[in-house]
Amino acid sequence: MMTRPTYPAGIEIEGSITPEFAEILTPEAMEFISKLHRKFEPRRRELLQARITRQKALDSGKLPDFLPETAEIRNGDWKIAPLPKDLLDRRVEITGPVERKMMINALNSGAKIFMTDFEDANCPSWENQIQGQINVRDAYRKTISFTSPQGKEYKLNDQIATLLVRPRGWHLMEKHVKIDGDIVSGAIFDFALSFYHNIKHLVANGSATYYYLPKMESHLEARLWNDIFCFAQDELGIARGTIKGTVLIETILAAFEMEEILYELREHSAGLNAGRWDYIFSCIKKFKTNKDFCLADRAQIGMTVPFMRAYALLLLKTCHKRNAPAIGGMSALIPIKNDEAANEKALAGVRADKDRDAADGYDGGWVAHPGLVPVAMAAWDAVLGDKPNQIDKQRDDVNVSGADLLNFQPETPITETGLRMNINVGIQYLGAWISGSGAVPIHNLMEDAATAEISRAQIWQWIRSPKGVLNDGRKVTHELFAELAADEVAKLRDEYGSKWTKQYEDAAEMFKMLTTSDDFVEFLTLPGYEYLA
Ligand SMILES: CC(=O)SCCNC(=O)CCNC(=O)[C@H](O)C(C)(C)COP(=O)(O)OP(=O)(O)OC[C@H]1O[C@@H](n2cnc3c(N)ncnc32)[C@H](O)[C@@H]1OP(=O)(O)O
Ligand SMILES: O=CC(=O)O
Ligand SMILES: [Mg+2]
């Protein structure tokens, strides 16, 4: 029987602490978190408040633009600091939840980088978070192994991907930990534990902890990350600039501040990534009450529609101008078992996506599944040859205006099939999420928090926008939604049989709340987390 560790005054942990968890939740690590919390929590709250203020301005019809007060940064001649050698070649990056077996598979997949995810692909239950930190520790030390219930052994190959960690976004909390009576930020918690336990080991081996930084809405939010990195490094006697962070540009507001975000993090930057799924979600969310704006079915919004193309090219141009890598987003297509023709079609879709990014000048791109690594690798091998990246490829020919970023087309078609698909996928995803899984295959696509957000945000908007009209002339209304939702739930109950647990029934109710409540819920993971807690 192990007694709970004794923590310094002001620190309370309400989650379970097994002997393994205690190796992560040490008094020293928790004290480190408490320092970060005490110093930075007020700023995190101010920045979340600033998001609300900005949303009010958008709701009143003000459109975003490049900031006049930071023109000097955009016009200045500066570069990000040199990249460490293990971040020079990022031609294929695989992602996945912080799940032990998947982490081993991803590290062995042949990809250059593996981003392990405490965020979009993860359900942040206490067990997932702390077991995730154990897995990260063991992966960094190359001791991670796993035996499946069927007895299959998993261990690391000699050659593995460089590991990056994605902590939760600024909006999520870690409810199981309180400092001075306040709940701590999930972002600070995830970052702090992965840094505290691993940085010295990694530095001694010529590497460091590297991060993907999600869902930011302004360069001031990037400044907060940079200040946290500086403070954390100083506290542990690590040279400033050792940590590197790649920022996901996955909100429409951040798209107007890409240069400023790179500038804020320039000492710690490893470039930008086109977080395309949250980006679409953000476009819908930020302009949800704007009567001029209403996107077509989710399936229509690929990377080549005007506003997505403008965003992708601006990101690429911005990165290379500042000597920073530009990493392409995730195709949601995954390999399809037992249907050769459908599988070929999915692979062709991924290939087209990766070929386009590689030809444009991107330095690498994300894949969702080990089976897609060769497809992406071929796309970049073809353009890179022996070079590790193509950061030297300047895209001065690209000219993207604010109006291009806001050219939200196509608006049609919105179809009954698209509406049903949003309902069906949204409920299945939420059900899986509150049951503990943050990434799931649904209808042969990878679904995670970002893709599911699009589904529920579209319905919310279609019900309220005058443009929310199906291609057969029917307006999307509360009544139509209720009718189709009842039908989809009935079908799912049938399909799932005994696997349709109470969680799925509750997910259906939560999904209805998310789409019908007058106030738009900022993130579906917020009520999801309440449910878990
Ligand atoms: C919008 C964004 O934020 S994108 C980034 C966040 N999203 C993600 O990271 C999602 C990553 N992908 C996944 O989680 C998975 O591919 C899923 C859930 C979509 C599908 O997973 P599965 O249904 O298990 O796929 P499948 O059955 O084909 O898997 C075959 C094998 O590949 C493994 N595998 C599949 N995807 C991954 C992955 N991303 N990383 C590591 N291993 C993987 C499976 O674990 C399985 O291993 P096994 O044979 O040893 O048991
Ligand atoms: O995090 C990635 C995204 O597309 O969202
Ligand atoms: Mg995202």
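Start by selecting helix α2, residues 27–59: this helix lies across β1, β7 and β8, running at about 90° to β8. Keep in mind as you click around that this is a predicted model.

**The open sheet under α2**

Now colour the strands that α2 crosses. Three strands, in the order β1-β7-β8, make an open sheet with antiparallel pairing. Its edge strands are β1 (11–13) and β8 (182–185), each of which pairs on one side only. From one strand to the next, the twist averages 50°.

Zoom in on β7 (residues 173–179) and β8, which pair in the antiparallel sense over 4 bridges. Want a pair to click on? Pick Met 173, whose bridge partner in β8 is Ser 185. Then add helix α6, residues 186–204, which lies across β7 and β8 at about 60° to β8.

**Zoom out for a moment**

Show the whole cartoon. You have 19 helices and 15 strands on screen. The radius of gyration is 22 Å, close to the 24 Å that the globule rule gives for 533 residues, so the protein is as compact as a globular protein of that length. Along the principal axes, the C-alpha atoms fill a box of roughly 65 × 60 × 50 Å. Of the 533 residues, 48% count as buried.

**Round the barrel**

Next, select β2, β3, β6, β9, β10, β11, β12 and β13. In that order they run round a closed barrel of 8 strands, with parallel pairing. Here the twist averages 25° from one strand to the next.

Begin at β2 (residues 92–97) and β3 (residues 113–117), a parallel pair held over 5 bridges. Thr 95 has Met 115 as its bridge partner in β3. Switch on helix α4, residues 100–107: it lies across β2, β3 and β6 (162–166), and runs at about 175° to β2.

Now go to β13, residues 364–367. Which way do its residues point? Gly 364 and Trp 366 point one way, Gly 365 and Val 367 the other, and all are buried. That fits a general pattern: in a regular strand the side chains alternate between the two faces of the sheet.

Check the neighbours of β13 too. With β2, β13 pairs in the parallel sense over 3 bridges, and Val 92 stands opposite Gly 365. With β12, the pairing is again parallel, over 3 bridges, and here Ile 327 stands opposite Gly 364.

**Ligand 2**

Select ligand 2 and show the residues around it: Asp 120, Leu 248, Glu 250, Gly 275, Arg 276, Trp 277, Asp 278, Gly 329, Met 330 and Ala 450. Two elements give two or more residues to this shell, namely α10 (276–286) and β12 (326–330). The largest share, 3 residues, comes from α10.

**Last stop: α18**

Finish with helix α18, residues 502–516. Draw a distance between its end C-alpha atoms and you should get 21 Å; at 1.5 Å a residue, its 15 residues should span 21 Å, which agrees.

Which residues of α18 are buried? Show Tyr 504, Ala 507, Ala 508, Met 510, Phe 511, Lys 512, Leu 514 and Thr 515 as sticks: those are the buried ones. As background for the spacing, an α-helix has 3.6 residues a turn, so residues three or four places apart point the same way. To see what the buried residues of α18 pack against, add α15 (416–434), α16 (449–464), α17 (478–496) and α19 (525–532).

Technical notes. Residues are numbered from 1 along each chain as its sequence is written. Chains are lettered from A and ligands numbered from 1 in the order in which they are written. This is a predicted model: local features need pLDDT of at least 70, side-chain atom pairs count only at pLDDT 80 or more; totals for chains, interfaces and linings use all residues. Two strands pair if DSSP finds at least two bridges between them. Axes are lines fitted to C-alpha atoms, for helices over the stretch in contact, and angles run from 0 to 180 degrees between N-to-C directions. Two residues are in contact if their C-beta atoms, placed from the backbone, lie within 7 Å. The radius of gyration is taken over C-alpha atoms; the globule rule is 2.2 Å times the number of residues to the power 0.38. A residue is buried if 20 or more other C-beta atoms lie within 10 Å of its own, exposed if 12 or fewer, and partly exposed in between; C-beta atoms are placed from the backbone. The expected span of a helix is 1.5 Å times one less than its number of residues. A residue is near a molecule or strand if its C-beta atom, placed from the backbone, lies within 6 Å of it.
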